[in-house]
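Reader: I am new to reading structures. Please pick one part, look at it closely, and take me through the reasoning step by step.

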Amino acid sequence: MNRKFITILYLLSVLVTAVHLSGCQETQKVRTLKIGHTLDTSHPVHQAMMFMNDRLEVISGGQMRLDIYPSGQLGSERELIELLQIGALAMTKVSASPLEGFIPEMKVFSLPYIFADSDHYWRVLTSEVGKQLLRSGEKYRVRGLAYYDAGSRSFYSTRNPVKEPSDLAGMKIRVMNSQTAVAMVKAMGGSPTPVSFGELYTALQQGVVDGAENNPPSFYLSKHYEVARFYTIDEHTSIPDVVLISTHIWNSLSPQEQSWLQLAADESVVRQRQLWKVATEEALQAVKAAGVEIITVDKDQFKDRVTSVYQDSKLGSMQELINNIQRQAQ
């Protein structure tokens with residue numbers, strides 16, 4: 001083997017080694033954030049997170065990405081929040097309702113009929129009030145990045161339709177682990193019964209509860225319509241989903257990385273709202289086609305029954321926040 005050929009082989013080996021090391025260095029630069037949630041992969045929230053990951057990779061030039069764990073693989077919403085608090089998980093999406101157990105100010109979102117309509121809802125979320133609420137979790141070691149649309153929650157039942165509040169009398173209604181949700185159902189005359197979402201189908205099927213309340217996509221995708229044949233559109237609450245990041249993780253990111261992540265989250269909100277609108281329309285059409293009776297009611301009857309919820313002494317410290325939200329209805 002001649003010296004020239006040996007030299008060429010040596011140079012090639014050096015080049016290959018350099019490329020390999022460069023690739024390793026590039027791989028090491030990729031910041032991967034693990035994010036878990038409890039919803040199915042067909043849900044608009046998961047699809048929005050996939051979009052967020054795509055945008056994050058583009059915005060960061062391939063230096064950041066998300067590793068997404070759907071369907072409760074990493075635990076319940078409460079468990080996911082706790083993982084964020086200790087820095088064992090980077091991000092999650094949870095409803096603002098169970099979040100009130102960690103961040104008291106989030107309780108305001110569970111108040112029935114606090115929003116006049118969808119425009120009022122989004123006006124508040126994008127206002128300084130909404131931004132302050134996202135930041136309010138920092139002292140509890142979680143930081144809100146964005147709100148996702150979770151529509152409005154309405155009642156559904158297995159045996160008897162709910163056409164007015166009095167129809168809830170004697171009915172066991174599944175609620176989330178939220179003191180405000182419990183107070184609301186009590187005020188309407190029902191018997192609030194906390195049940196985990198994963199166990200709700202069986203609870204409805206076996207008569208452990210007589211009904212529940214949720215938005216149309218969740219009612220459809222959970223297949224609860226197979227056992228709950230009445231869906232009452234009373235839209236008593238509009239509780240947003242909140243995209244959270246552990247403050248441990250957030251503070252470990254550089255300002256540039258924080259900016260990339262926030263931008264990707266903001267862009268995913270726009271996509272999620274589009275997906276949510278389509279999913280809501282498709283869900284109502286699908287359950288109706290499956291034989292579910294869709295009931296439209298006079299919401300004022302339901303509003304009148306929940307005024308006592310606003311008189312709870314525990315809400316005293318939140319009165320200014322409530323007033324700020326209600327003023328934006330104008």
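**From a loop to a ring cluster**

Author: Start at R141, in the loop between α6 (128-135) and β4 (142-148). Keep in mind that this is a predicted model. R141 has a positive phi of about 75 degrees, yet it is not a glycine. Why pause over that sign? Because most residues other than glycine have a negative phi. Next, is R141 buried or exposed? Its relative accessibility is 37%. Buried would need under 20%, and exposed over 50%. So R141 counts as partly exposed.

Compare E235. This residue belongs to strand β9, which covers residues 230-237. Its phi is also positive, near 45 degrees, and E235 is not a glycine either. Its relative accessibility is 31%, so E235 counts as partly exposed.

Now the main stop: the aromatic rings. Ring centres must lie within 6.5 Å to make a pair. By this rule the model has 9 aromatic pairs. Take F115 and Y121. Their ring centres are 5.2 Å apart, and their planes meet at 90 degrees. An angle over 60 degrees counts as edge-to-face. So F115 and Y121 are an edge-to-face pair. Now step from Y121 to W122. Here the centres are 5.3 Å apart and the planes are at 80 degrees, so this pair is edge-to-face too.

Are these rings buried or exposed? F115 has a relative accessible area of 10%, so it is buried. Y121 has 3%, so it counts as buried. W122 is buried as well.

Step back, and the pairs become part of a group. Which residues belong to it? F109, F115, Y121, W122 and Y147 form one aromatic cluster.

One charge joins the picture. The charged end of R273 sits over the ring of W122. The distance to the ring centre is 3.9 Å.

Look along the chain around R273, and you meet helix α11, made of residues 255-289. Check its length. It has 35 residues, and at 1.5 Å a residue it should span 51 Å. The C-alpha atoms at its ends are 50 Å apart, which agrees with that figure. Just after α11 comes G291, with a positive phi of about 105 degrees.

To recap the cluster: F115 with Y121 is edge-to-face, Y121 with W122 is edge-to-face, and the charged end of R273 sits over the ring of W122.

Notes: Residues numbered from 1 in each chain as written. Predicted model: local features only at pLDDT ≥ 70, side-chain atom pairs only at ≥ 80, totals over all residues. Heavy atoms only, no water. Helix = DSSP H or I, 4+ residues; strand = E, 2+ residues; numbered from the N terminus. Expected span 1.5 Å × (residues − 1). Phe/Tyr/Trp six-rings, centres within 6.5 Å; stacked < 30°, edge-to-face > 60°. Buried < 20%, exposed > 50% of the residue type's maximum accessible area, 1.4 Å probe, protein only. Lys NZ or Arg CZ within 6 Å of the ring centre and 35° of its normal.
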